[in-house]
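Me: Could you walk me through this model, please? I would like a close look at one part of it.

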Amino acid sequence: EEGANTMYVDYNSLYPSVCVDDLPHKFDREILPEEDQTPTEFLNALPGDRYCFVEVDIAALAPEHQAKVRHYPMFPNNEVIKQEYLSPDQQRRYRLNSKMGEDDLIKEHARNVTTFFPKTKYICSLSYLKVAIGVGYEVTKIHKAMAFHQAKVFEEYTRRLYALKRDYSVE
């Protein structure tokens, strides 16, 4: 039987403290905004007893808010990186690391990065979006929300593993 020998998954690097919180586990329903509903009204009307993911458009982050997220960049996505997006120092380091000549053109290439560019149809959790709004991001359009039942599905498992780790650690 596939997976019969798997005793546990070491997800230590996946922030196990989060795994003792409520997590989505069963789809409940899709929620669409009403025609005249503002993004704020829609977000405030989402059910508090459900874990929600939202699909939204987000405006470019205004320059006055950018310093707030310099240590915690938000909304990663695949972006086509163009040479003009890079500072002279970034271009120099890119060429050096890529073993390019100092006058070689940097070809456009896609990378998973965080930018202050607008986002279209971005999907994230409602709690993540609320943090983003708190630091100055603006939701320009709501496409939909997906609501899930939530429960502490990994709490017992996580606490048990950490107790074992604590009890059997060699100092």
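In what order do the elements of the chain run from the N terminus on? After that, please go closely into the aromatic pairs.

Reply: Happy to! This is a predicted model, in which local features need pLDDT of at least 70 and side-chain atom pairs count only at pLDDT 80 or more, while totals for chains, interfaces and linings use all residues. Residues are numbered from 1 along each chain as its sequence is written, and side-chain values use heavy atoms, leaving out hydrogens and water.

From the N terminus on, the order is β-α-β-α-β-α-β-β-α-β-α, with helices (H or I, at least four residues) and strands (E, at least two) taken as DSSP runs and numbered from the N terminus.

Now to the rings. The structure holds eight aromatic pairs, meaning Phe, Tyr or Trp rings (for Trp, the six-membered ring) with centres within 6.5 Å; planes under 30 degrees apart are stacked, over 60 edge-to-face, and the rest tilted. Phe75 and Tyr122 make an edge-to-face pair, 5.2 Å centre to centre with 90° between the planes. Phe75 sits in the loop between helix H2 (63-66) and strand S3 (77-81), and Tyr122 belongs to strand S5 (residues 119-125), 47 residues apart. Both Phe75 and Tyr122 are buried, that is, under 20% relative accessible area (exposed is over 50%, partly exposed in between; 1.4 Å probe, protein chains only).

Phe75 also pairs edge-to-face with Tyr128, at 5.4 Å centre to centre and 90° between the planes. That pair joins the loop between H2 and S3 to helix H4 (residues 126-134), across 53 residues. Phe75 counts as buried because its relative accessibility is 0%. Elsewhere, ring pairs link Phe27, Tyr51, Phe53 and Phe148 into a cluster.
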